[in-house]
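These are notes for a colleague who is opening this entry for the first time. Please read them with the sequence and the model side by side.

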Amino acid sequence: MQVHLDFLQFESRLRRTRKEGKEYIFDPIRKKHLVLTPEELLRQLVLLYLMEERMYPSSRIRSEQRVVINDMPKRCDILVYDRELQPWLLIECKSPKVRLTQETFDQAAVYNLRLQVPYMAITNGLNTYISTLDHEQKTFNYLPNFPPYPPVQTPYQGVSNGQ
């Protein structure tokens with residue numbers, strides 16, 4: 001189930017600067033300016049959506065979070081932690097020019113082998129897929145939006161994938 005979210009509504013709130021011919025964007029989570037790329041633009045729009053629309057606390061969000069998989073350092077785009085500081089929501093962002101394919105889902109799934117989050121999302125800004133994951137049953141359900149924060153005791157119910 002694809003979710004239609006208007007991340008562009010937050011574009012006017014982005015902090016952009018130009019220096020030596022390059023455009024930069026400020027990341028409020030990492031508290032630094034980053035080179036503006038299509039993927040970075042989307043990541044910053046998603047962060048603003050989570051904080052301003054869904055009211056996720058910035059203190060529980062990490063951008064470009066380091067994750068070690070098979071002794072290899074990787075970085076997931078956005079990782080949200082619950083009240084107990086456990087990984088809770090993993091978000092993988094791709095440039096709007098990149099089609100979301102099985103490979104994209106697989107990349108997020110590999111990160112999740114280590115993290116074991118109950119919620120996962122992938123987006124290229126045009127298409128967004130959000131799901132709740134049941135690791136014991138090895139199933140997932142698509143959701144109509146990001147789950148509410150603070151996390152509730154039972155997972156948010158969505159549409160079953162039929163597995």
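1. A starting point is Thr 104, which sits in helix H2, the run of residues 102-115. The model is a predicted one, and the remarks below should be read with that in mind.

2. Is Thr 104 buried or exposed? Its relative accessible area is 4%, and because the cut-off for buried is under 20%, Thr 104 counts as buried. Apart from neighbours within four places in sequence, the residues in contact with Thr 104 are Lys 94, Arg 99 and Ile 122.

3. On the chain as a whole: the protein chain holds two helices and 11 strands. Read from the N terminus, the order of elements is β-β-β-β-α-β-β-β-α-β-β-β-β.

4. Do the overall dimensions agree with a compact globule, or disagree? For 163 residues, such a globule would have a radius of gyration near 15 Å; the protein chain has 16 Å, so the two agree. The C-alpha trace spans about 55 × 35 × 35 Å along its principal axes.

5. On burial and surface: 43% of the 163 residues of the protein chain count as buried. The accessible surface of the chain is about 9,400 Å², and carbon and sulfur atoms account for 49% of that surface.

6. On contacts along the sequence: taking contacts in the protein chain between residues at least 6 apart, 49% of them join residues at least 24 apart.

7. On charge: how many positive and negative side chains does the protein chain have? There are 22 positive and 19 negative ones, and the centres of the two sets lie 5 Å apart.

8. Arg 75 deserves a separate look. This residue belongs to strand E6, which covers residues 72-81. Arg 75 has a relative accessibility of 46%, and because partly exposed covers the values between under 20% and over 50%, it counts as partly exposed.

9. What does Arg 75 touch, once residues up to four places away in sequence are set aside? The list is Glu 64, Gln 65, Arg 66 and Tyr 111. With Glu 64 there is also a specific approach: the side chain of Arg 75 reaches the backbone oxygen of Glu 64 at 3.1 Å. As a further distance, the C-alpha atoms of Arg 75 and Glu 92 are 9.7 Å apart, and these two residues are separated by 17 residues along the chain.

10. The loop ahead of strand E6 has two backbone points to check. Asn 70 is in the loop between strand E5 (61-69) and E6, and its phi is near 50°, a positive value in a residue other than glycine. Asp 71 is placed in the loop between E5 and E6 as well; its phi is positive too, at about 65°, although Asp 71 is not a glycine.

11. Are Asn 70 and Asp 71 buried or exposed? Asn 70 has 70% relative accessibility and counts as exposed. Asp 71 has a relative accessible area of 75% and is exposed. Both values fit the label because exposed means over 50%.

12. One peptide bond should be inspected: the bond from Tyr 149 to Pro 150 is cis, with omega near 10°. Where is Pro 150 placed? Pro 150 lies in the loop that runs between strand E10 (139-142) and strand E11 (159-160).

Definitions and conventions
Residues are numbered from 1 along each chain as its sequence is written. This is a predicted model: local features need pLDDT of at least 70, side-chain atom pairs count only at pLDDT 80 or more; totals for chains, interfaces and linings use all residues. Side-chain values use heavy atoms; hydrogens and water are left out. Helices (H or I, at least four residues) and strands (E, at least two) are DSSP runs, numbered from the N terminus. Buried means under 20% relative accessible area, exposed over 50%, partly exposed in between (1.4 Å probe, protein chains only). Contact means heavy atoms within 4.5 Å. A polar contact is a pair of N or O atoms within 3.5 Å; within protein, one must be able to donate a hydrogen and the other to accept it, and residues adjacent in sequence count only if both atoms are side-chain atoms. The radius of gyration is taken over C-alpha atoms; the globule rule is 2.2 Å times the number of residues to the power 0.38. Accessible areas come from the Shrake-Rupley method with a 1.4 Å probe; for residues, only the protein chains shown count as cover. Lys and Arg count as positive and Asp and Glu as negative; His and the chain ends are not counted. The place of a charge is taken as NZ of Lys, CZ of Arg, CG of Asp or CD of Glu.
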